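Please look at the structure below and follow the report beside it, section by section.

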Amino acid sequence: MTTKTREIHLTARPAGAPGLEHFTITEAELPAPGPGQILVRNSWLSVDPYMRGRMNASESYIEPFPVGGPLQGHAVGEVLASAAPEIPVGATVVHFDGLREHALLDAASPMVTVIDPALAPPQAYLGVLGTTGLSA
């Protein structure tokens, strides 16, 4: 079983403020999760200030977005399919493969964290309970 999805890709490096001409929405097909993987439908995506720096080709603490490739960022979503016993279908996770409708993730990645949406709204894990909030 494959999953059709859409991703936001960087098509050109902006010289100033980014505009629609620097991005495209691309369709992709994801395979079913293999051993240790989960398929997530993203519900919330984070767009953060550091992402503008990743649109440049210069060196930084994090590598630039590849031209022609999908953008990365934090996201919260629901697990639709799982081949990882530690993360069941229906779990809510925060991860770093956002800016797409669906993500195929390695469950053991340190960038994948199961969260409890009963403790706080899921989108809070992209702000005050996420990287930006912890950085502040």
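## Pro-110, an exposed loop residue

In this predicted model, Pro-110 has a relative accessible area of 75%, and because values over 50% count as exposed, Pro-110 is described as exposed. Its place is in the loop that runs between strand E6 (102–106) and strand E7 (113–115). Pro-110 and Ile-25 lie 85 residues apart in sequence, and their C-alpha atoms are 27 Å apart in space.

## His-22, a buried loop residue

His-22 is also found in a loop, the one between strand E1 (3–10) and strand E2 (23–30). With a relative accessible area of 10%, His-22 is classed as buried, because the cut-off for that term is under 20%.

The side chain of His-22 reaches the backbone nitrogen of Gly-19 at 2.9 Å. When neighbours within four places in sequence are left aside, the residues in contact with His-22 include His-9, Leu-10, Arg-13 and Pro-14.

## The nonpolar cores

The largest nonpolar core has 11 residues, among them Ile-38, Val-40, Val-79, Val-93, Ala-103 and Leu-105. Strand E3 (37–45) and strand E6 each supply at least two residues of this core. A second core, separate from the largest one, has 7 residues, including Val-76, Val-94, Tyr-125 and Leu-126.

Val-40, one of the residues of the largest core, touches Val-79, Val-93, Ala-103 and Leu-105, and its contacts also include Glu-78, His-95, Glu-101 and His-102, where residues up to four places away in sequence are not counted.

How values were computed: Residues are numbered from 1 along each chain as its sequence is written. This is a predicted model: local features need pLDDT of at least 70, side-chain atom pairs count only at pLDDT 80 or more; totals for chains, interfaces and linings use all residues. Side-chain values use heavy atoms; hydrogens and water are left out. Helices (H or I, at least four residues) and strands (E, at least two) are DSSP runs, numbered from the N terminus. Buried means under 20% relative accessible area, exposed over 50%, partly exposed in between (1.4 Å probe, protein chains only). A polar contact is a pair of N or O atoms within 3.5 Å; within protein, one must be able to donate a hydrogen and the other to accept it, and residues adjacent in sequence count only if both atoms are side-chain atoms. Contact means heavy atoms within 4.5 Å. A nonpolar core is a set of buried Ala, Val, Leu, Ile, Met, Phe, Trp, Tyr and Cys residues joined through side-chain atoms within 4.5 Å.
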